[in-house]
Amino acid sequence: MRVLIRGAGVAGLTAAHELLARGAEVTIIENAAGFTGAASWYAGGMLAPWCERESAEETVLTLGIGAADWWEAALPAGSVHRNGTLVVAQPRDGAELKRFASRTSGFRWLDGEEIAALEPALAGRFRQALFFPQEAHLDPRRALSALRQGLAARGAAFAGEDMDDRGFALTVDCTGASRIGEFDGLRGVRGEMAYLQTDEVTLSRPVRMLHPRIPLYIVPRGGGLFMCGATMIESDDAGPITTRSLMELLNAAYSLHPAFAEARLVETGTGVRPAFTDNLPRAWRRENRITVNGLYRHGFLLSPAMAGEVAALALGEETFRGDIR
Ligand SMILES: Cc1cc2nc3c(=O)[nH]c(=O)nc-3n(C[C@H](O)[C@H](O)[C@H](O)COP(=O)(O)OP(=O)(O)OC[C@H]3O[C@@H](n4cnc5c(N)ncnc54)[C@H](O)[C@@H]3O)c2cc1C
């Protein structure tokens, strides 16, 4: 079966991976150079279904629980770091930590000494934390590049120009936020982020710092590089980060660890998360066209499950949610 996939973000590449595994002949069209047009390029890469449950439906936990295994099987060894997530709050925001704990599971409470044992750079900075040991993270940029290389090595074709659907048995639309205005209820949630570089701080795992207004997470990328994110703004504006957002992210990073004040700001960026009204992803089939969209803030977490859904729709197998559109 010849399949044409439009969009080489995380949804398109994971769908290609699953379709190739089932014997399809896959061509992928990407209309932006590199990955820079993709929300996926700006992601934190956290595979954190237990933490996300704080604000997400149970479905995000059940669909996301297998994501780390999927990525581990799909990527070169060592790409997926399975050493958990640490959630902290300044002592004055202790209520936030309790609230987070009341809405999640799969964690244990840590005291100051245990925090220091896990992340020595945070010694003496926080009295209490939540540790989610089963969570994982990856570097989205390395993951996308490795997935793309692996697909090409297994025979997938990549094209920069659009193609006529008629030569294909099936098309799969994975074009994310570019479909806002075309699909009922699809909206954009703007996410601004920054990359900081410093040798003064070492972290081994994503650290989330709760705050009533400006929650922050920092994901270590190795080599002194940290992804610092991210805003959640109801807008499909993909324009550069605003000064307010940058100030808030940097202030929060500084309050996590003062050494971030001396870090180099090496990059800022904005991605538009495609989301439906319930913030859950959807995949559906109409004749020879399958669409997957609405991955919201869970593209790396949920695209493995959604790629399985796309493959099932392609082959006429039973899907876990059925054709819900
Ligand atoms: C700041 C930030 C942090 C995030 N952190 C996390 C995280 O830690 N964990 C997590 O799981 N998720 C995270 N996300 C969410 C995740 O990035 C998104 O859910 C995901 O990227 C959506 O993937 P997608 O493939 O649907 O869309 P995209 O990544 O936007 O890809 C769509 C692609 O389609 C291309 N395209 C558009 N139109 C066409 C066309 N006509 N023909 C061909 N190609 C086309 C675009 O150029 C683009 O490359 C984060 C998002 C942001 C913005």
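This briefing describes the surroundings of the ligand and then turns to one glycine residue. The structure is a predicted model, and 33 residues lie around its ligand. Taken alone, the ligand exposes 1,000 Å², and the protein buries 94% of that area.

**Residues around the ligand**
- Among the 33 residues around the ligand, the ones that come nearest are Glu30, Ser40, Gly44, Tyr296 and Phe300.
- When the residues of this shell are sorted by class, 16 are nonpolar and 14 are polar, while three are charged.

**Helices and strands that supply the shell**
- At least two residues of the shell come from each of helix 1 (10-21), strand 15 (264-275) and helix 9 (299-315).
- Helix 9 gives the most to the shell around the ligand, and its share is three residues.

**Atoms paired with the ligand**
- An oxygen atom of the ligand lies 3.0 Å from a backbone N or O atom of alanine 11, and a backbone N or O atom of glycine 45 likewise lies 3.0 Å from an oxygen atom of the ligand.
- In serine 178 it is the side chain that takes part, with an N or O atom 3.3 Å from a nitrogen atom of the ligand.

**Glycine 94**
- Glycine 94 is found in helix 5, which covers residues 94-102.
- The relative accessible area of glycine 94 is 23%, and because partly exposed residues fall between the limits of 20% and 50%, glycine 94 counts as partly exposed.
- Although glycine 94 and histidine 211 are 117 residues apart along the chain, their C-alpha atoms are separated by 9.3 Å.

How values were computed: Residues are numbered from 1 along each chain as its sequence is written. This is a predicted model: local features need pLDDT of at least 70, side-chain atom pairs count only at pLDDT 80 or more; totals for chains, interfaces and linings use all residues. Side-chain values use heavy atoms; hydrogens and water are left out. A residue is near a molecule or strand if one of its heavy atoms lies within 4 Å of it. A polar contact is a pair of N or O atoms within 3.5 Å; within protein, one must be able to donate a hydrogen and the other to accept it, and residues adjacent in sequence count only if both atoms are side-chain atoms. Accessible areas come from the Shrake-Rupley method with a 1.4 Å probe; for residues, only the protein chains shown count as cover. Helices (H or I, at least four residues) and strands (E, at least two) are DSSP runs, numbered from the N terminus. Ala, Val, Leu, Ile, Met, Phe, Trp, Tyr, Cys and Pro count as nonpolar, Asp, Glu, Lys and Arg as charged, and the others, Gly among them, as polar. Buried means under 20% relative accessible area, exposed over 50%, partly exposed in between (1.4 Å probe, protein chains only).
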